[in-house]
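Visitor: I should like a close look at a single part of this model. Please choose one helix and set out its geometry, its surroundings and its place in the packing.

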Amino acid sequence: MTYRHPDPGQIRIEDVLSALGNPVRLSVVQVLDAGGEHNCGSVLGLLDITAKSTMTHHWRVLRESGVILQQPSGRENLLTLRRADLDSRYPGLLDAILTGARGDKA
C-alpha cells in the first residue's frame, strides 16, 4: 500500500492549520515532535487511545495536509513528522503552535 503525500510546495497553510486544530491530531504531532519514526500502535499507546478505526481518519488528515509521512512497514505504519518541510514552507509556525499547546496544558 502506498499513501499520497503532498510535495513540500503543495503544502497549504489552511490544510496544516485545519489538521492541527483538532486536539487529537495536535497531540499526535506533539508525540512525533520528539523525533524519529513511531509506529501507529506506539502513538496510540502514548495517547491512551484504543479506537484504532477513528485514528485512521486522523492519520489521513495529517498525511494529506503534509504534516506527517506515513509509510507501511510490515504490518504497521511508521509515522514521521515532516518538520523540515513545514519549517521550510512556514518558518516558525510549528514551533509557535507546539509552544502554545504546551502553554494551554499548563
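Guide: What follows is an account of helix α4 and of the elements around it. The model is a predicted one, and every value below is computed from it.

Helix α4 comprises 14 residues, and the distance from its first C-alpha to its last is 20 Å, close to the 20 Å expected at 1.5 Å a residue. Just after the helix comes G66, whose phi is positive, at about 95 degrees.

One neighbour of α4 (residues 52–65) is helix α3 (residues 40–47): the two axes come within 12 Å and cross at roughly 110 degrees. An angle of 65 to 115 degrees counts as roughly perpendicular, and α3 and α4 are therefore described as roughly perpendicular to each other. On the α3 side the contact involves C40, V43 and L44, while α4 contributes K52, M55 and W59. By class, this contact of α3 with α4 has five nonpolar residues, no polar residue and one charged residue.

Which residues of α4 are buried? They are M55, H58, W59, V61, L62, R63 and S65. The cover over these buried residues includes the helices α1 (13–20), α2 (23–32) and α3, together with the strands β2 (68–73) and β3 (76–81).

R63, a residue of α4, deserves separate mention. Its relative accessibility is 8%, and R63 therefore counts as buried, the cut-off being under 20%. Apart from residues up to four places away in sequence, R63 touches Y3, R4, H5, P6, I68 and Q70.

The helix also takes part in the largest nonpolar core, which has 26 residues. W59 and L62 are among the members that touch the most other members, along with L20, V29 and V67. At least two residues of this core come from each of α1, α2, α3, α4, β3 and α6 (93–105), and α2 gives the most, with five. V67 is in contact with L62 and also with V16, A19, L20, V29, T80, L81, R82 and L86, its neighbours within four places in sequence being left aside.

Two other contributors to this core, α2 and α6, pack against each other with their axes 11 Å apart, at an angle of about 110 degrees; α2 and α6 are therefore also roughly perpendicular to each other. Here L26, V29 and Q30 of α2 meet L94, I97, L98, A101, R102 and K105 of α6. The residues of this contact divide into six nonpolar, one polar and two charged.

Key:
Residues are numbered from 1 along each chain as its sequence is written. This is a predicted model: local features need pLDDT of at least 70, side-chain atom pairs count only at pLDDT 80 or more; totals for chains, interfaces and linings use all residues. Side-chain values use heavy atoms; hydrogens and water are left out. Axes are lines fitted to C-alpha atoms, for helices over the stretch in contact, and angles run from 0 to 180 degrees between N-to-C directions. Helices (H or I, at least four residues) and strands (E, at least two) are DSSP runs, numbered from the N terminus. Angles under 35 degrees count as roughly parallel, over 145 as roughly antiparallel, 65 to 115 as roughly perpendicular and the rest as oblique. Contact means heavy atoms within 4.5 Å. Ala, Val, Leu, Ile, Met, Phe, Trp, Tyr, Cys and Pro count as nonpolar, Asp, Glu, Lys and Arg as charged, and the others, Gly among them, as polar. The expected span of a helix is 1.5 Å times one less than its number of residues. Buried means under 20% relative accessible area, exposed over 50%, partly exposed in between (1.4 Å probe, protein chains only). A nonpolar core is a set of buried Ala, Val, Leu, Ile, Met, Phe, Trp, Tyr and Cys residues joined through side-chain atoms within 4.5 Å.
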